[in-house]
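Work through the exercises below with the model open. Each task is followed by a stepwise solution.

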Amino acid sequence: MCGIVGFIGQEQAAPILLDGLAHLEYRGYDSAGVAVISAQGKLQVEKAVGRLKVLSEQIHGGADLKGCIGLGHTRWATHGGVTDANAHPHVSSDGNFALVHNGIIENYEGIKNFLSAKGYSFSSQTDSEALVNLIAYHYAHRTDDDAENRFMEAVRKALLHVEGTYGIAVLCRFNDGEIVAARKGSPLLIGV
């Protein structure tokens, strides 16, 4: 089972994400990754195959990623091999969204084919990357002026097309104070 951790606060997110993932380390997994939005709105993503220690060493205990909002993930492979490209978080091909996902999207191939025809690219073999690109698609195709809810609505609309189970958390580099989370058939806890 995958482990997901998210953080929004005043402290640097990456060390807190690594600590949260360490608490989930009893679960079997093959890779780990984190995504953090910098103060300048840049989406920074680091992933590593293997135990959490590999990722932690790679980013110097989180010191390499500056920002106070982020997501972390430990992956147990269901789609695609054990590679850095298949590790979470996944980033949309436009570079604006990062997503972590626990579950299985049964109709991801159809979603991927639809998005490929629209010019979206894919770098992994996962079902999760199809979902993050679908969110980007809906974000780009919003026709109303409700900028405040644009991110959440893009996630909501994307999930209307998903068949399967999910526990997700999503970052948008334009909404640096917000994580959108949703679940269907997978557990998800939110704490303050």
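**Exercise 1. Explain why Cys-68 forms no bond with its closest cysteine sulfur.**

Step 1. The closest cysteine sulfur to that of Cys-68 lies in Cys-172, 17 Å away, too far for a bond. A disulfide needs a pair of cysteine sulfur atoms within 2.5 Å.
Step 2. Cys-172 is likewise in no disulfide.
Step 3. A search of the whole structure finds 0 disulfides.
Step 4. Now classify exposure: buried means under 20% relative accessible area, exposed over 50%, partly exposed in between (1.4 Å probe, protein chains only). Cys-68, at 27% relative accessibility, is partly exposed. Cys-172, at 0%, is buried.

Conventions: this is a predicted model, in which local features need pLDDT of at least 70 and side-chain atom pairs count only at pLDDT 80 or more, while totals for chains, interfaces and linings use all residues. Residues are numbered from 1 along each chain as its sequence is written, and side-chain values use heavy atoms, with hydrogens and water left out.

**Exercise 2. Place Phe-7 and list its contacts.**

Step 1. Phe-7 sits in strand β1, residues 3-8; strands are DSSP runs of E, at least two residues, numbered from the N terminus.
Step 2. Its relative accessibility is 16%, so Phe-7 counts as buried.
Step 3. Contact means heavy atoms within 4.5 Å. Leaving out residues up to four places away in sequence, Phe-7 touches Ala-13, Ile-16, Leu-17, Cys-68, Ile-69, Gly-70 and Ile-179. Cys-68 from Exercise 1 is among them.
Step 4. For a C-alpha check, take Val-36: 29 residues from Phe-7 along the chain, with a separation of 9.3 Å.

Key. Helices (H or I, at least four residues) and strands (E, at least two) are DSSP runs, numbered from the N terminus.
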